[in-house]
Structures are given as structure tokens and as C-alpha cells.
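Here is a short note for a colleague who is opening this structure for the first time. Please read the points with the sequence and the model side by side.

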Amino acid sequence: MIRPSPELEAIARRFFSAARARDGAAMRNLLSMDSRLRFIGTAPDELWGGTALRDGIEAHFNEAPTFLKDVETFGEAYENGSTGWAIFGRRITMEGTPTPIDFRFTLIFTLEDGAWKILHRHASVGIPNTETHGIDHHALDDLAASASLADMPASHTDIATIMFTDIAASTTLAATLGDARWATIVQAHLQMIQTHIQNHDGQLVKSLGDGTMSVFSSASSALKAAHSIQTALECATAEPCLQVRIGAHTGDVIHAGEDFFGSVVNKAARIAAAAPPTEIHLSQETRLMVGASTDFTFTHLPPTPLRGLTGDHLIHRLHWGA
């Protein structure tokens, strides 16, 4: 069964950190010992494999300019039995090159003696199709757009509140604790989140690495679930003491099968991403849904820009502490 893999996300980020630091021993330790190990780079002749790759990987990265800045733009990983894969985007600023370069990476993993190892890595630089073969492809973009709406099976629209949770500083925690220990902690955390969601009549739609997306038919129920999650984390005594950011937004969501789509989902995710650790942020629409309810206390925040969305947005903070 294919499932998200926070463990492989952490291993991928560890490899990127080792490459940035030119830590040859760490990079070699993460590579498969199989002779079919392969690396594909961005230049036409960058194709390496096997022992030569493991022996030469440190020298290869030592030739590259110093990384002045390295920002992750997207990342996700999945596993299925003894196979796994990850895709990442990183915006890298190199010494001597003032303009950041957007790199895309694919990593394919295999289990060797109970440990995940990289069997294949592919790196590329995003170059418009018009520059490489003279045309600008739209067919797949158009297909994806239509599939996300009209072609989804049994799709319909409902008013709902979407809530996202996300563990703060998860990359640092994963690197500190190790992948196996971190994966165990994340699974227990996700189970705790699901329990609080279900206790407030919500539905856990999916887990996204170490975060979650859930849906509620009532905005009040979503905020009560968020309140109880933050309270439970504050009261937890086991280390590491996890902190999460939570965001919620209400509106028309497209419901197809077990998943939910649309601009409401996107905005809820952006609100969560912009919230500081331990805080619960919600949109103006969600705030209006609960009206004058005495169950909640809010602070109105200054108009806030949200990544990928136009303009500034009215955001409120839900007070949940004592």
C-alpha cells in the first residue's frame, strides 16, 4: 500500500544537508551498495553509477560553488513495501551567481538490511519548454485542471471548514532523533490528532508527512478540535515536546470520494503555514460562522499576505491557553 513517508522525507533532507556541507562520509552512507546505483545530473554528460559514484561523490560536490542560501520550495515522499521515492524542489543561491536557481530532485529508495538507501537520484533545473524545443506545453496543465474539477468521480460541493495542522521544526527534530525514532513519534502524534478530530465530529482526510488535513461540517467543531489539540500538546510531558501550527478556513469545498479540493483547501493550508508554532489561525469566513458564540475568544490580526494567494487577508487568532 502506498503511503506518505515522513521517514524518507527526513532522509532526503539529510542527504541535501550532507551535499551542502560536502560531507562525503554522510552522503556515501545514504547511498545503496547495489551496482545499479545511478545519479543523473543537469548537464548532458552527468550520468554516474556504482562504485565510481560512491567514491567520487564528495569530489563532485567539492567542485560546486559554495551554497550561500538553500531554501526548500516543496517536498514529499512515499513508500510501498521495500521501495520508496521522494520529490523535492530547492531554490539555491551559489557563490558568484546572484540569481537563485530552482532545482528539482527525485530520489528513489530501496531497503537494504532494514535501512533505507538511495538507489537513484535525478537533478534538473527548470527551463521553459520554449527554450528547449520551441513550444510551450499546455495539454497536461489543462488536463490536470479539468481533472481536479469536472472529471472527479461523484464530485459535489459542500460548505465545510477545512483545518490543517503542521509540526513546527520537524526537520530539525527528525535530524536530531533519527529517522526510525522520528517516524514512531510522528505516527503517535497523527493518531492523537485523529482522536481529537473525531471527538469533535470531524473527519481526518489525509496526513501530509507530519501534518494533517481534516474537514468539519461545523466551524465551531473545527475550532474546538484545534483548541483540544493545542491543550493536549501543552499538557504532554514526553519529549520531544511537539508544537504545531493550525489553520482553518470555511467555504465551498469540492468533495470527491474521500478527498476534498478547491480554493478553500488551498487557503486553509496557507493560513496554517503562516501561523506561528502553538497558535490557531482562522479566516474571516470561519470567524463569521461562529458569530457571537461565547465559546471562543479571538484577536484580529493585521491584514496578512498568504503565499500563492493575491492580496492581503483578514486573519484571526483563536485564544486557547489559560
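1. Among contacts in the protein between residues at least 6 apart in sequence, what percentage join residues at least 24 apart? The value is 61%, where contact means heavy atoms within 4.5 Å.

2. A word on the basis of these values: this is a predicted model, in which local features need pLDDT of at least 70 and side-chain atom pairs count only at pLDDT 80 or more, while totals for chains, interfaces and linings use all residues. Residues are numbered from 1 along each chain as its sequence is written, and side-chain values use heavy atoms, with hydrogens and water left out.

3. The protein has 10 helices and 17 strands, taken as DSSP runs numbered from the N terminus (helices H or I, at least four residues; strands E, at least two). Of its 322 residues, 41% are buried, that is, under 20% relative accessible area with a 1.4 Å probe and protein chains only (exposed is over 50%, partly exposed in between).

4. The largest nonpolar core (a set of buried Ala, Val, Leu, Ile, Met, Phe, Trp, Tyr and Cys residues joined through side-chain atoms within 4.5 Å) holds 30 residues, and Met163 and Trp182 have the most contacts inside it. Elements giving two or more residues to this core include β8 (156–167), α7 (179–199) and β11 (244–256), but the largest share, seven residues, comes from α8. Leaving out residues up to four places away in sequence, Trp182 touches Ile167, Ser170, Leu173, Ala174, Leu177, Asp210 and Leu242. A second, separate core has 28 residues, among them Ala19, Ile57, Ala77 and Met94.

5. Strand β7 (residues 115–125) runs parallel to β2 (residues 38–40), to which three bridges join it, and Arg38 has His120 as its bridge partner there; two strands pair if DSSP finds at least two bridges between them. With β6 (residues 97–112), β7 runs antiparallel through 10 bridges, and Thr110 stands opposite Lys117. Two residues lie between the strands of this β6 and β7 hairpin, where Asp113 takes a positive phi near 55°.

6. Is Lys267, a residue of helix α9 (residues 263–274), buried or exposed? Lys267 counts as buried because its relative accessibility is 11%. Its side chain joins that of His313 in a polar contact of 3.3 Å. Beyond neighbours within four places in sequence, Lys267 is in contact with His249, Ser283, Glu285, Leu306, Leu309 and His313. A polar contact is a pair of N or O atoms within 3.5 Å; within protein, one must be able to donate a hydrogen and the other to accept it, and residues adjacent in sequence count only if both atoms are side-chain atoms.
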